[in-house]
Number of protein chains: 2
Amino acid sequence: MAQVRPMRADARRNYERLLKVAAEAFAEHGENASLDDIAKRAGVGSGTLYRHFPTRQALLEAAYVERIEALGTRADELAKELPPGEALAEWLYEVCVGTIQVRGMKALLGSAVMDGSQAALTACATSMKGAAQRLVEAAQREGTLRQDIEPIEVLRLAHGVSTASELANGQGKHIRRYLSLLTDGLRPSSAG
Amino acid sequence: MAQVRPMRADARRNYERLLKVAAEAFAEHGENASLDDIAKRAGVGSGTLYRHFPTRQALLEAAYVERIEALGTRADELAKELPPGEALAEWLYEVCVGTIQVRGMKALLGSAVMDGSQAALTACATSMKGAAQRLVEAAQREGTLRQDIEPIEVLRLAHGVSTASELANGQGKHIRRYLSLLTDGLRPSSAG
DNA sequence: TACTAAACGGAGACAGTCCCCGCTTATTTC
DNA sequence: GAAATAAGCGGGGACTGTCTCCGTTTAGTA
């Protein structure tokens with residue numbers, strides 16, 4: 001394997017600054033924050049930005065990997081603390097909250113679970129899918145989640161729930177409700 | 001009431017052409033089709049386009065009202081043909097299909113059911129919400145839909161289902177499945 | 001200190017939005 | 001039919017954003 005020579009000091013510095021500024025900008029203006037503006041705020045030319053991050057996706061991804069990987073870790077914590085079904089439910093809740101509250105993460109998570117997206121191979125995607133798989137399989141073993149459903153489908157449906165909650169425009173106030181509608185179904189409960 | 005003087009013949013002509021071209025363009029390039037390009041293809045200046053349709057939303061709406069109102073009519077047809085629960089299910093399916101297949105309609109339907117959107121007062125929004133209300137209330141009376149859910153929530157959830165199906169990227173192949181997951185819930189069926 | 005490859009940065013080509021305002025024309029009036 | 005007029009046209013241009021190219025600068029090395 002070719003030895004990867006370490007980044008030059010100035011390059012590393014710029015890279016870090018760009019990431020920091022980008023995270024702020026995406027949080028503030030959403031996924032369409034101006035890239036030239038991010039470069040400017042980071043005190044570099046736009047050429048530098050595009051060299052480090054060839055696409056908006058790449059920058060978005062880099063800016064939020066940590067947060068996404070934290071969701072992966074969180075999945076395992078929840079798996080230890082709660083019974084599988086509840087762990088899955090709570091994890092999906094936290095995923096949805098992140099999706100809505102951190103502007104810019106929606107696009108990223110979306111393309112991570114999108115069939116045919118190049119992003120499907122990225123660290124974010126891998127980490128999300130891994131976490132989902134562990135929780136889903138556990139819940140299925142436990143018998144609280146139907147067998148005929150794939151981990152990635154659960155992620156896609158969660159994304160759908162985020163979309164629905166977003167339309168209700170309450171800073172995520174409706175996530176719990178819509179998630180439980182999805183879990184319980186739209187039919188009247190047998191208890192009702 | 002002030003008498004509304006009819007549009008001048010040339011104005012009406014341009015208006016019609018713009019609508020026709022816009023519907024094509026949105027279908028082809030999605031909701032972000034270039035407006036100047038639409039003007040050009042319709043053989044008018046961009047000023048003319050912006051005079052008739054001050055915002056992209058306005059154009060989108062005008063281009064698709066008919067189709068949306070057809071969905072309203074369709075709701076009533078289905079209500080006659082099928083028992084309420086099934087009518088609602090089938091109608092939601094058709095709504096989702098439209099949302100996905102006709103590029104550009106997603107944004108429109110989305111803002112129609114979005115809380116706090118100006119579009120919430122438009123013809124599209126009214127017609128969709130009316131149709132949803134009729135079907136939802138019938139299904140609730142019949143007892144096949146839980147009582148604690150609002151018509152607009154059903155529309156939002158359907159929009160979520162469209163989003164999820166879109167991520168699965170099969171030209172709507174997954175709509176039926178995701179819609180029934182929503183209807184039945186994610187728990188194992190009592191039959192299984 | 002001198003060399004070199006890596007990295008920088010910003011000008012500029014391009015695409016999109018949207019407004020402004022001088023010009024054109026459909027309609028009305030006589 | 002000609003003149004008057006207001007409704008409507010249209011494209012130039014200011015602005016914002018993307019992304020590339022290439023001459024210049026600089027970190028790392030010997």
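**Burial of a serine**

Is B:S127 buried or exposed?

Solution. The model is predicted, so local features require pLDDT of at least 70 and side-chain atom pairs count only at pLDDT 80 or more, whereas totals for chains, interfaces and linings use all residues. Residues are numbered from 1 along each chain as its sequence is written, chains are lettered from A and ligands numbered from 1 in the order in which they are written, and side-chain values use heavy atoms, with hydrogens and water left out.

- Locate the residue: B:S127 belongs to helix α7 (residues 123–142) of chain B. Helices (H or I, at least four residues) and strands (E, at least two) are DSSP runs numbered from the N terminus.
- Apply the cut-offs: buried means under 20% relative accessible area, exposed over 50%, and partly exposed in between, with a 1.4 Å probe and protein chains only.
- Conclude: B:S127 has a relative accessible area of 17% and is therefore buried.
- List the surroundings: apart from residues up to four places away in sequence, B:S127 touches B:I68, B:E69, B:G72 and B:R134, where contact means heavy atoms within 4.5 Å.

**A proline touching the other chain**

Determine the burial class of B:P188 and identify the residues that B:P188 touches.

Solution.

- B:P188 lies in the segment after α9 (175–184) of chain B.
- The relative accessible area of B:P188 is 34%, so the residue is partly exposed.
- Residues up to four places away in sequence being set aside, the partners of B:P188 are A:G143, A:T144, A:L145 and A:R146.

**Architecture of chain A**

Describe the secondary structure, extent and contact pattern of chain A.

Solution.

- Chain A contains nine helices and zero strands.
- The C-alpha trace of chain A spans about 65 × 45 × 30 Å along its principal axes.
- Of the 192 residues in chain A, 49% count as buried.
- Among contacts in chain A with a separation of 6 or more, 62% join residues 24 or more positions apart.

**Helix α5 of chain A**

Why does the end-to-end distance of helix α5 of chain A agree with the expected span?

Solution.

- Set the rule: the expected span of a helix is 1.5 Å times one less than its number of residues.
- Compare: the 18 residues of α5(A) (residues 84–101) should span 26 Å, and the end C-alpha atoms are 25 Å apart, so the two values agree.
- Examine burial: the buried residues of α5(A) include A:L88, A:W91, A:L92, A:V95 and A:I100.
- Identify the cover: α4 (56–81), α6 (105–112), α7 (123–142), α8 (151–168) and α9 (175–184) of chain A are among what covers these buried residues.

**The largest nonpolar core**

Which residues touch the most other members of the largest nonpolar core?

Solution.

- Define the set: a nonpolar core consists of buried Ala, Val, Leu, Ile, Met, Phe, Trp, Tyr and Cys residues joined through side-chain atoms within 4.5 Å.
- Name the members: of the 124 residues in the largest core, those touching the most others are A:I38, A:L59, A:W91, B:F26, B:I38, B:L59 and B:W91.
- Inspect one of them: beyond neighbours within four places in sequence, A:L59 contacts A:L19, A:A22, A:F26, A:L35, A:I38, A:L49 and A:F53.
- Place this in context: in soluble globular proteins, nonpolar side chains tend to be buried together.

**The surface near DNA strand C**

Characterise the protein surface near DNA strand C by residue, atom and class.

Solution.

- A residue is near a strand if one of its heavy atoms lies within 4 Å of it. Of the 22 residues around DNA strand C, A:R8, A:N14, A:R51, B:L35 and B:R56 come nearest.
- Of the strand C atoms within 4 Å of the protein, 60% belong to sugar or phosphate and the rest to bases.
- A polar side-chain atom of A:R8 lies 2.6 Å from a base nitrogen of DNA strand C, while a backbone N or O atom of B:L35 lies 2.8 Å from a phosphate oxygen of that strand.
- By element, α3(A) gives the most to this surface, with five residues.
- By class, the surface has six nonpolar, nine polar and seven charged residues. Ala, Val, Leu, Ile, Met, Phe, Trp, Tyr, Cys and Pro count as nonpolar, Asp, Glu, Lys and Arg as charged, and the others, Gly among them, as polar.

**The surface near DNA strand D**

Which residues come nearest to DNA strand D?

Solution.

- Of the 21 residues around DNA strand D, the nearest are A:L35, A:R56, B:R8, B:N14 and B:R51.
- Sugar and phosphate make up 60% of the strand D atoms that come within 4 Å of the protein.
- A polar side-chain atom of A:R56 lies 2.2 Å from a phosphate oxygen of DNA strand D, and a backbone N or O atom of A:L35 lies 2.8 Å from a phosphate oxygen of DNA strand D.
- The element giving the most to this surface is α3(B), with five residues.

Conventions. A polar contact is a pair of N or O atoms within 3.5 Å; within protein, one must be able to donate a hydrogen and the other to accept it, and residues adjacent in sequence count only if both atoms are side-chain atoms.
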